[in-house]
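Q: Please take a close look at the salt bridges in this structure. Describe the partners, their place in the chain and their exposure.

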Amino acid sequence: MAGSPALLLLLGLGLCCPGIQGQAYKMTARFRDSSITQPRLGQQLELECVGARQDSGVFWVRQDKDGTLHFIVFISALSRTTFKGNEKTSTHFEARKYGSVYYLVVKSFMLGDEGNYFCLMNSNQMLYFSHGQPAFIPVTITTAPTVPAPTTQSGVTKKDPCLKTPDPETSKEKELNFFCNIFIWVPLSGACLLLLIALIVTTVLCQQTRRRRCRCKRPVNGKPNVKPSMPSQHT
């Protein structure tokens with residue numbers, strides 16, 4: 001209806017400035033079924049507004065999570081309804097008046113219907129509105145299914161060898177053994193090399209000495225070479 005934006009503005013001012021609300025009427029918006037605390041998804045939800053004048057119409061509005069106000073319906077004192085877009089009926093809502101109580105029915109409550117519901121009345125240029133009735137679908141917390149640990153046929157849990165963490169003491173011991181091997185085997189290898197060189201040098205010297213001794217001439221048949229003496233001639 002044409003006047004709904006102005007009424008929403010007045011409601012916003014009333015929510016921000018409580019002094020604009022009249023004190024002659026105490027209006028209340030609530031669930032008709034008092035056992036309902038939170039609506040369920042797809043449930044038919046019925047709200048009622050009590051405390052309003054019988055000869056004055058009532059507006060139903062919803063304030064969403066972002067604080068935006070949404071006009072739903074105006075119910076006149078003769079129980080005539082005007083929905084958003086100046087429509088007489090709605091596929092999602094129903095509204096009616098019974099005595100001094102004004103009802104709003106959400107046919108199938110959806111996520112887009114969550115918010116705080118208010119009923120308000122404009123009488124003698126005074127704005128009266130109720131406290132908000134929160135209507136939010138309860139949040140369900142789903143837990144992830146636990147995956148059982150892999151077990152062998154005997155029921156013993158297999159351990160992944162890749163997940164083993166190295167022992168710091170073992171790694172330190174390996175490092176010490178490595179350095180000890182270096183300090184032991186390097187000098188030992190050097191000593192062996194020196195002994196090998198000394199053996200080679202000794203062998204070479206012995207061969208040279210033997211060759212020098214073999215250069216002297218030896219007598220034939222083992223007899224020394226003696227020059228024959230000339231016989232003396234006697235006259």
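A: Of the 235 residues in the protein chain, 28% count as buried; buried means under 20% relative accessible area, exposed over 50%, and partly exposed in between (1.4 Å probe, protein chains only). The model is predicted, so local features need pLDDT of at least 70 and side-chain atom pairs count only at pLDDT 80 or more, while totals for chains, interfaces and linings use all residues. Residues are numbered from 1 along each chain as its sequence is written, and side-chain values use heavy atoms, with hydrogens and water left out.

The chain has two helices and 10 strands, in the order α-β-β-β-β-β-β-β-β-β-β-α from the N terminus. Helices (H or I, at least four residues) and strands (E, at least two) are DSSP runs, numbered from the N terminus.

Searching the whole structure gives five salt bridges, each defined as a side-chain nitrogen of Lys or Arg within 4 Å of a carboxyl oxygen of Asp or Glu. One of them joins Arg32 and Glu46, at 2.7 Å from N to O. Arg32 is in the loop between β1 (28-31) and β2 (45-50), and Glu46 is in strand β2, so this bridge ties together parts 14 residues apart in sequence. Arg32 is partly exposed, at 43% relative accessible area, whereas Glu46 is buried at 18%. Both belong to a network of salt bridges that also includes Arg96. Arg96 in turn lies over the face of Tyr103, 4.8 Å from the ring centre; a charge sits over a ring if NZ of Lys or CZ of Arg is within 6 Å of the ring centre and within 35 degrees of the ring normal.

Another bridge links Glu114 and Lys65, at 3.1 Å from N to O. Glu114 sits in the loop between β7 (101-106) and β8 (115-123) and Lys65 in the loop between β3 and β4, so the pair connects parts 49 residues apart in sequence. Here the acidic partner, Glu114, is buried at 8% relative accessibility, while Lys65 is exposed at 62%.

Asp55 and Arg53 also meet in a salt bridge, at 2.6 Å from N to O. Asp55 counts as exposed, with 54% relative accessibility.
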